[in-house]
Amino acid sequence: MSSKTPKGEKLYEGKAKVLYQGTEPGTIIQYFKDDATAFNAQKRGTIAGKGIINNKVTELVMNNLEMIGIPTHFIERLSDREQLIREVEIIPLEVIVRNTVAGTMAKRLGLDEGIRLDRPLIEFSLKDDALGDPLIAEEHILSLDIADEEELSEIFDMTHQINNFLRGMFAGIGIELIDFKLEYGRLYDEEDTGYTIILADEFSPDNCRLWDMKTGEKMDKDRFRRDLGGEVEAYQEVARRLGISLEAEDGRKQ
Ligand code: 5GP
């Protein structure tokens with residue numbers, strides 16, 4: 001994992017990312033790996049170049065969301081695989097948005113994948129690997145004090161805005177945004193007197209489903225999860241359509 005970016009101690013190593021303390025207080029460096037896991041890490045592998053693509057797709061999405069007024073933890077991209085982010089207290093929820101039935105929703109409810117929902121659905125899972133990220137209701141979130149009513153209402157508002165924007169952004173490049181997962185965090189102000197809820201984590205083909213509008217072809221991590229093959233090319237195609245350059249700083253193609 002060679003990188004010339006100065007950074008502090010390693011804080012956390014997850015399945016697809018490593019977090020290091022940033023050099024400025026309140027900052028973290030997020031490093032994107034090529035490692036891929038599925039089914040709660042029962043399936044493991046790598047997708048060559050995925051870390052670079054996910055870093056750059058996340059940069060583009062976070063910058064675009066900032067432009068429409070969504071506060072995010074993103075500060076700047078530092079290198080091919082690293083970005084500087086603000087340190088937040090992660091709210092331990094996976095906020096899942098579904099525009100079309102797929103994945104665990106299809107399985108759980110015995111529905112065919114591909115059924116368009118009349119209105120987008122927001123689901124919550126508890127972020128807990130040991131429990132397999134169980135689906136929970138809003139009532140669980142409130143009763144267990146994972147977030148309060150005001151926070152939940154902000155999360156709903158921001159999530160709908162993000163979905164509306166991203167559906168349009170992907171439709172513009174011939175891709176249907178089927179579903180995705182978001183995470184939010186609390187950013188405390190310097191005096192520690194208050195905080196704002198901001199978007200955290202990443203947005204990349206690792207945490208969304210993207211189907212080609214013409215062919216229906218899957219262009220996301222389901223290619224890896226379901227052994228469909230062609231995951232490297234699919235991630236590259238998403239980057240290409242988004243206008244993201246995959247040239248290395250020294251001009252090498254990666
Ligand atoms: P499903 O619940 O159908 O497995 O996933 C719904 C959407 O959320 C998919 O786009 C999937 O990629 C994303 N998602 C759900 N759980 C996780 C997770 O633990 N990690 C990541 N990276 N994405 C997730």
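**Loops, ligand and helix pairs**

Trainee: Where does Asp-227 sit?
Mentor: Look in the loop between helix H5 (222-225) and helix H6 (231-241), and you'll find Asp-227 there. Helices (H or I, at least four residues) and strands (E, at least two) are DSSP runs, numbered from the N terminus.

Trainee: What's odd about Asp-227's phi?
Mentor: Phi is positive at Asp-227, about 55 degrees, even though Asp-227 isn't a glycine.

Trainee: Before I go on, what kind of model is this?
Mentor: A predicted one: local features need pLDDT of at least 70 and side-chain atom pairs count only at pLDDT 80 or more, while totals for chains, interfaces and linings use all residues. Residues are numbered from 1 along each chain as its sequence is written, and side-chain values use heavy atoms, without hydrogens and water.

Trainee: Got it. What about Ala-41's phi, positive or negative?
Mentor: Positive, about 70 degrees, and Ala-41 is not a glycine either. You'll see Ala-41 in the loop that runs between strand E4 (35-38) and strand E5 (43-46).

Trainee: New topic, the ligand. How many residues surround it?
Mentor: There are 15 of them (each with a heavy atom within 4 Å). The closest are Arg-98, Thr-104, Asp-179, Arg-209 and Arg-225.

Trainee: How far is a polar side-chain atom of Asp-179 from a ligand oxygen atom?
Mentor: For Asp-179 the distance is 2.7 Å. Arg-209 also has a polar side-chain atom by a ligand oxygen atom, at 2.9 Å, and for Asp-133 that distance is 3.4 Å. The cut-off for such pairs of N or O atoms is within 3.5 Å.

Trainee: Okay, helices now. How do the axes of H1 and H6 cross?
Mentor: Those axes come within 10 Å of each other and cross at roughly 30 degrees. So H1 is roughly parallel to H6 (angles under 35 degrees, on a scale from 0 to 180).

Trainee: Which residues make that contact?
Mentor: H1 brings Lys-50, Ile-53 and Asn-54, while H6 brings Tyr-235, Gln-236 and Ala-239. Contact means heavy atoms within 4.5 Å.

Trainee: And what's the crossing angle for H1 and H4?
Mentor: Roughly 125 degrees, with the axes of H1 (residues 50-67) and H4 (residues 149-171) coming within 11 Å. H1 and H4 are therefore oblique to each other (not under 35, over 145 or 65 to 115 degrees).

Trainee: Which residues of H1 and H4 meet?
Mentor: On the H1 side, Leu-60, Val-61, Asn-64 and Leu-65. They meet Ile-162, Phe-165, Leu-166 and Met-169 in H4.

Definitions and conventions:
Polar contact = N/O pair within 3.5 Å; in protein donor to acceptor, adjacent residues only side chain to side chain.
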